[in-house]
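Colleague: I would like to go through the labels on this model one at a time. For each, please give the cut-off, then the value, then the conclusion.

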Amino acid sequence: MVILSWNLAGRVRRLPEQAERVLGARADVVCLQELTPNTLPRWREALLGAGYAGIEQAPLDPSRARPLAVLTACREPLTGVPVAGVPWSERVLAVRSSGGAEIVNLHSPISPKPDLAKVRTHEAVHRHLAHTAAHPRIVCGDFNTPRKEHPSGEVWTFARDQWGRLRADRGERWDEAELAILRGLEPYGIRDAFRLRHGYERRELSWEWPRWKGGYRLDHILVSSHFGVEEIEYLHAWRTDGLSDHSPVVAQLESIAVSKH
């Protein structure tokens, strides 16, 4: 299985070029983030025309000034799965494929958003997944975390400052919420596919400061132990070509047998 996840940055004029790249990747599963009311129908049409049998999107909240939705497309038919407690309904989409895999597509709110929207989103997704499941599970999207990853495997969230100190205005709940998806699902067999394949020694980013060097690895694919990770990489040329401010992440996964004992 090949899965591609990409934050499209709400681009309208570059949509034809974005679609050409996405469809050219011939992924089995495509998870897109930051679609607008104007770009959603165009993406659905493009993916349907390319032969994707299942296309689902998170419901838009008409009361929100600028809702940014997520969309998942698959070669197999899809069925929606409810995720309770998500503050912004358009940011989280869970589906089951006809083959049995559950795919959770997440676009986390950025830290400055009010009412702890980011924290509550991460907590809701963690609650949804924090159990052992017999079926395969994939979690992907723009998590808007972490701030820093160390070669030792230690991870700093955006609840911490540049020196790793916990910020008084964010605190432990914020720190735990951002870690809840990246590391808190490991006891249930769901792990970061990029780190499984490359370890923590390799530095990587998927979003870069426009004017300064450096950035963050905000975009992720997590997989349950039902999958082996044959390959996973970030396609930075798509970002440097100006198609988005995020690099897509593409993984080739191999289904493996999981013991039920």
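Modeller: Burial comes first: a residue is buried under 20% relative accessible area, exposed over 50%, and partly exposed in between, with a 1.4 Å probe and protein chains only. Helices (H or I, at least four residues) and strands (E, at least two) are DSSP runs, numbered from the N terminus. The model is predicted, with local features needing pLDDT of at least 70 and side-chain atom pairs pLDDT 80 or more, while totals for chains, interfaces and linings use all residues. Residues are numbered from 1 along each chain as its sequence is written, and side-chain values use heavy atoms, without hydrogens or water.

Colleague: Which residues lie on the face of α2 turned away from its buried side?

Modeller: That face carries the exposed residues Glu45, Leu48 and Gly49. The buried residues of α2, which runs over 40-49, are Leu40, Trp43 and Leu47. They are said to share a side of α2 because they cover an arc of only 65° around the axis, the arc being that of the directions from the helix axis to the C-beta atoms. In general, an α-helix has 3.6 residues a turn, so residues three or four places apart point the same way.

Colleague: What do the buried residues of α2 pack against?

Modeller: Their partners are α1 (15-24), β2 (29-35), β3 (54-57) and β4 (69-74), with contact meaning heavy atoms within 4.5 Å. Just after α2, Gly51 has a positive phi of about 95°.

Colleague: Why is α3 called largely enclosed by the rest of the structure?

Modeller: Because 10 of its 13 residues are buried. Among them are Lys118, His122, Glu123 and His128, along with Ala117, Val119 and Leu129. These buried residues of α3 pack against β5 (78-81), β6 (92-97), β7 (102-107), β8 (137-142) and α4 (171-182).

Colleague: How do you know that the span of α3 is close to the one expected?

Modeller: The expected span is 1.5 Å times one less than the number of residues. For the 13 residues of α3 (117-129) that is 18 Å, and the distance from first to last C-alpha is 19 Å.

Colleague: What makes β5 and β11 edge strands?

Modeller: Six strands form an open sheet of mixed pairing, in the order β5-β6-β7-β8-β14-β11. Within that sheet, β5 and β11 (191-192) each pair on one side only. Two strands pair if DSSP finds at least two bridges between them. β5 and β6 meet that with four bridges, in the antiparallel sense; one bridge joins Val81 to Ala94 in β6.

Colleague: In what sense do β6 and β7 pair, and over how many bridges?

Modeller: They are antiparallel, with five bridges. Leu93 stands opposite Asn105 in β7. The two strands form a hairpin with four residues between them, and Gly100 in the turn has a positive phi of about 105°. β7 and β8, by contrast, are parallel over six bridges, with Leu106 bridged to Gly141 in β8.

Colleague: Which residues point each way from β7?

Modeller: Glu102, Val104 and Leu106 point one way, Ile103, Asn105 and His107 the other, and all are buried. With six of its six residues buried, β7 is therefore called largely enclosed.

Colleague: Why is there no disulfide between Cys31 and Cys140?

Modeller: A disulfide needs a pair of cysteine sulfur atoms within 2.5 Å. The search of the whole structure finds zero. The sulfur nearest to that of Cys31 belongs to Cys140 and is 3.3 Å away, so the pair fails the cut-off. Cys31 is buried at 0% relative accessible area, and Cys140 is likewise buried at 0%.

Colleague: What makes Arg14 and Glu17 a salt bridge?

Modeller: The term requires a side-chain nitrogen of Lys or Arg within 4 Å of a carboxyl oxygen of Asp or Glu. The closest N and O atoms of Arg14 and Glu17 are 2.6 Å apart, so the pair qualifies. Arg14 is partly exposed at 26%, and Glu17 is partly exposed at 35%. The structure holds 15 salt bridges, and Glu149, Asp192, Arg195 and Arg217 are linked in a network of them.

Colleague: Which parts does the pair of Glu208 and Arg239 tie together?

Modeller: Their side chains form a salt bridge at 3.0 Å, N to O. Glu208 lies in β12 (207-208) and Arg239 in α6 (236-240), so the pair ties together parts 31 residues apart in sequence. Glu208 is partly exposed at 31%, while Arg239, at 12%, counts as buried.
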